[in-house]
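Student: I have the sequence and the model open side by side. Could you pick one part, look at it closely with me, and then connect it to the rest of the chain?

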Amino acid sequence: MKLIGTPTSPYTRKTRVVLAEKRIEYEFVIDSSHEAKTQVPNYNPLGKVPVLIIDDETAVFDSRVIVEYLDSASPVAKLIPEDTRQRIQVRRWEALADGCTDATVAVVTEKRRPANLQSADWVTRQQGKIDRALKVMSDELAARNWCSGEFFNLSDIAVGCCLGFLDLRLPDLAWRKTYPNLAKLAEKLAQRPSFRDTAPPAA
Ligand SMILES: N[C@@H](CCC(=O)N[C@@H](CS)C(=O)NCC(=O)O)C(=O)O
């Protein structure tokens, strides 16, 4: 099995954490679709990573589909509950965290454009999504150990990758100060080998 992605992509990291938690061997192929020589569009017409090439040469994307495949591929460390209500709760957390990451990517992409082409309104709109998502994550986590249910699962992985990406790309946001319960969760996740071994290189 091969995973195509980059060490800084938060969606790639989500799939790498899942692979590590489930103890699934894979080859990590680094390919950024922003590079001229990228092969990513040959596997994903959307030109986005991650892409998982499974043994029969089928290319699976995006990260939400990949993690579902991986969780069903091995019984080790189930990360998505069978029960419908619990599963929907976990996937809602994932949608919230991934959506917060999407808005972070949008802010960073906009700020990399030439100053005269940047839209302050667009950045404010995306920043609003990040702020609201963080507040809801913090409110719903409250004083509990894990985001959804009694055990570590995909919801915690998605939130951990989202928070890690905020640290990488928007280090001035100071979310730890505003939301100490999210900081505590991030600290706990950072001690897991799956998170430690996939931490993005410094920007
Ligand atoms: N919803 C997708 C998002 C993937 C995504 O946006 N990946 C970024 C890297 S972090 C990418 O490849 N961007 C290149 C592009 O949009 O052209 C997923 O969860 O896999």
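Tutor: Happy to! Let's begin at Asn116, which sits in the loop between α4 and α5, the latter being residues 120-141. One caution before we go on: this is a predicted model. Asn116 counts as exposed, because its relative accessibility is 70% and the cut-off for exposed is over 50%. For a sense of where the loop reaches, try Leu79 as a partner: Asn116 and Leu79 are 37 residues apart in sequence, and their C-alpha atoms are 45 Å apart in space.

From this loop, step back into the helix before it. Helix α4 covers residues 84-111 and packs with helix α1, residues 10-21. Two packed helices are described by the angle between their axes and the distance between the axes. Here the angle is about 145° and the axes are 10 Å apart. On the α1 side, the contact is made by Pro10, Tyr11 and Lys14. On the α4 side, Glu94, Asp98, Thr101, Asp102 and Val105 take part. By character, the residues of this α1 and α4 contact divide into three nonpolar, one polar and four charged.

Asp102 deserves a pause, as a residue of helix α4 that also belongs to the contact with α1. Is Asp102 buried, partly exposed or exposed? Asp102 counts as partly exposed, because its relative accessibility is 40%, and that class lies between the 20% and 50% cut-offs. Ser33 offers a reference point elsewhere in the chain: 69 residues separate Asp102 from Ser33 in sequence, and 16 Å separate their C-alpha atoms.

Following α1 the other way brings us to the loop between α1 and β2 (27-30), where Glu25 lies. Glu25 counts as exposed because its relative accessibility is 70%. Its C-alpha atom is 7.4 Å from that of Met1, although the two residues are 24 apart along the chain.

Now for the cysteines. What does a search of the whole structure find in the way of disulfides? It finds zero. A disulfide is a covalent bond between the sulfur atoms of two cysteines. The closest cysteine sulfur to that of Cys100 belongs to Cys162 and is 3.6 Å away, so the pair is too far apart for a bond, given that the cut-off is within 2.5 Å. Cys161 is in no disulfide either, and its nearest cysteine sulfur, also that of Cys162, is 8.9 Å away. Cys100 is at 1% relative accessibility and therefore counts as buried. Cys161, at 3%, also counts as buried, because the cut-off is under 20%.

The backbone has a few spots worth checking on your screen. Most residues other than glycine have a negative phi, and most peptide bonds are trans. Start with the peptide bonds. The one from Val49 to Pro50 is cis, with omega near 10°, and Pro50 lies in the loop between α2 (40-43) and β3 (51-53). The one from Phe61 to Asp62 is cis as well, with omega near 0°. Asp62 is placed in the loop between β4 (59-60) and α3 (63-73).

Then there is phi. Ala77, in the loop between α3 and α4, has a positive phi of about 50° although it is not a glycine. With a relative accessibility of 34%, Ala77 counts as partly exposed. Ala142 also has a positive phi of about 50° without being a glycine, and its place is the loop between α5 and α6 (154-169). Ala142 is partly exposed too, at 41%.

Finally, let's put these parts into the whole. The protein has nine helices and four strands, and along the sequence they follow the pattern β-α-β-α-β-β-α-α-α-α-α-α-α. For 203 residues, a compact globule would have a radius of gyration near 17 Å, and the value of 17 Å here agrees with that. The C-alpha atoms fill a box of roughly 45 × 45 × 30 Å along the principal axes. Of the 203 residues, 46% count as buried. The protein exposes about 11,100 Å², with carbon and sulfur atoms supplying 53% of it. Among contacts between residues at least 6 apart in sequence, 67% join residues at least 24 apart.

Definitions and conventions. Residues numbered from 1 in each chain as written. Predicted model: local features only at pLDDT ≥ 70, side-chain atom pairs only at ≥ 80, totals over all residues. Heavy atoms only, no water. Axes fitted to C-alpha atoms, helices over the stretch in contact; angles between N-to-C directions. Helix = DSSP H or I, 4+ residues; strand = E, 2+ residues; numbered from the N terminus. Contact = heavy atoms within 4.5 Å. Nonpolar A, V, L, I, M, F, W, Y, C, P; charged D, E, K, R; others polar. Rg over C-alpha atoms; globule rule 2.2 N^0.38 Å. Buried < 20%, exposed > 50% of the residue type's maximum accessible area, 1.4 Å probe, protein only. Areas by Shrake-Rupley, 256 points an atom, 1.4 Å probe, with all protein chains shown as cover.
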